[in-house]
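Me: I should like to learn how to read some features of a protein model. May we look at one together?

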Amino acid sequence: MNRPVRAVAHRPVWRPSLTEWVHGLPGLSARARRLLPEGDTEGRYAGRTAADSGYRLTMALAVAVSQPGREWTLAQWWEALVLRPTAGGAWARSLRSRKGERYAEGKLAGMLDKARAFVGTSGTIVCRADAMVAIARLRAAVEAVVWPGPGGGTDLKNLTARLQLAEQAGGLEHEVSVRQLAELMGCARSTVEASNSRLRAARWLVLVAAGTGEHSSTWSLRIPQASLTTMTRVRARDTVQPRGRERQRVSRTCTRAGR
């Protein structure tokens with residue numbers, strides 16, 4: 001006599017959401033954990049075209065995953081931008097769709113190598129990619145500083161406005177007058193002048209050439225040595241090495257992504 005076959009209930013395989021997966025990635029700063037799944041929601045890396053904006057965002061992410069002691073492998077980089085539906089990887093996936101996988105892999109690998117070579121150094125900016133890395137690195141330094149008091153808040157507004165100008169200019173050197181900067185910051189010219197003096201004294205800002213006639217002054221942004229030391233300490237503190245099952249999971253993920 002045939003016995004009735006019992007249906008065996010199988011437990012569904014748990015798969016993390018995209019946000020959960022991103023938060024499980026090693027070595028990412030809080031800002032990078034937002035940029036990768038959400039994209040540039042604040043318009044910090046907006047360019048003249050959508051492609052330019054995508055390139056800038058990707059370069060910023062390359063800097064984020066190239067910090068000393070927290071460097072990603074190419075397999076991790078490829079998975080985060082191409083194999084996963086992250087908003088931060090939209091430009092990379094579009095590049096693969098338009099140019100092919102081999103071209104996209106070479107381009108992304110080159111951007112990662114450029115970021116690794118630049119992070120932790122003050123090398124001369126010789127190309128557009130270098131400029132984007134330098135701007136992203138300086139923005140990270142600004143965000144790592146605590147800016148206390150009214151003067152600190154004004155100085156932060158000053159540097160934030162100048163970073164936008166630097167991105168438009170394609171490098172840390174930019175032109176702006178006190179009047180233009182006052183309009184961008186939404187404050188009086190005397191407030192801007194006082195802020196410029198403080199930032200020059202703190203070595204965040206260098207006057208390259210004073211304005212004459214109709215020409216605005218030329219400025220250059222810098223990261224003070226004190227801020228570089230602080231950033232190094234923060235990197236060392238935040239470095240997380242995967243252990244046990246997490247290390248196995250990362251290893252399997254990298255292997256799958258590298259196939």
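Me: Which residue follows H8, and what is the sign of its phi?

Reply: This is a predicted model, in which local features need pLDDT of at least 70, side-chain atom pairs count only at pLDDT 80 or more, and totals for chains, interfaces and linings use all residues. Residues are numbered from 1 along each chain as its sequence is written, and side-chain values use heavy atoms, leaving out hydrogens and water. Helices (H or I, at least four residues) and strands (E, at least two) are DSSP runs, numbered from the N terminus. Gly 170 follows H8, and its phi is positive, near 80°.

Me: How is a pair of aromatic rings described?

Reply: It is described by the distance of the centres and the angle of the planes. Rings of Phe, Tyr and Trp (its six-membered ring) pair if their centres lie within 6.5 Å; planes under 30 degrees apart count as stacked, over 60 as edge-to-face and the rest as tilted. The whole structure holds two aromatic pairs. Tyr 55 and Trp 91 have ring centres 5.7 Å apart and planes at 85°, so this pair is edge-to-face. Tyr 55 belongs to helix H3 (residues 50–64) and Trp 91 to helix H5 (residues 90–99), so the pair ties together parts 36 residues apart in sequence.

Me: Why is the pair of Trp 147 and Trp 204 tilted?

Reply: Their planes are at 50°, with ring centres 5.6 Å apart, so the pair is tilted. Trp 147 lies in the loop between H7 and H8.

Me: Are Trp 147 and Trp 204 buried or exposed?

Reply: Buried means under 20% relative accessible area, exposed over 50%, partly exposed in between (1.4 Å probe, protein chains only). Both Trp 147 and Trp 204 are buried.
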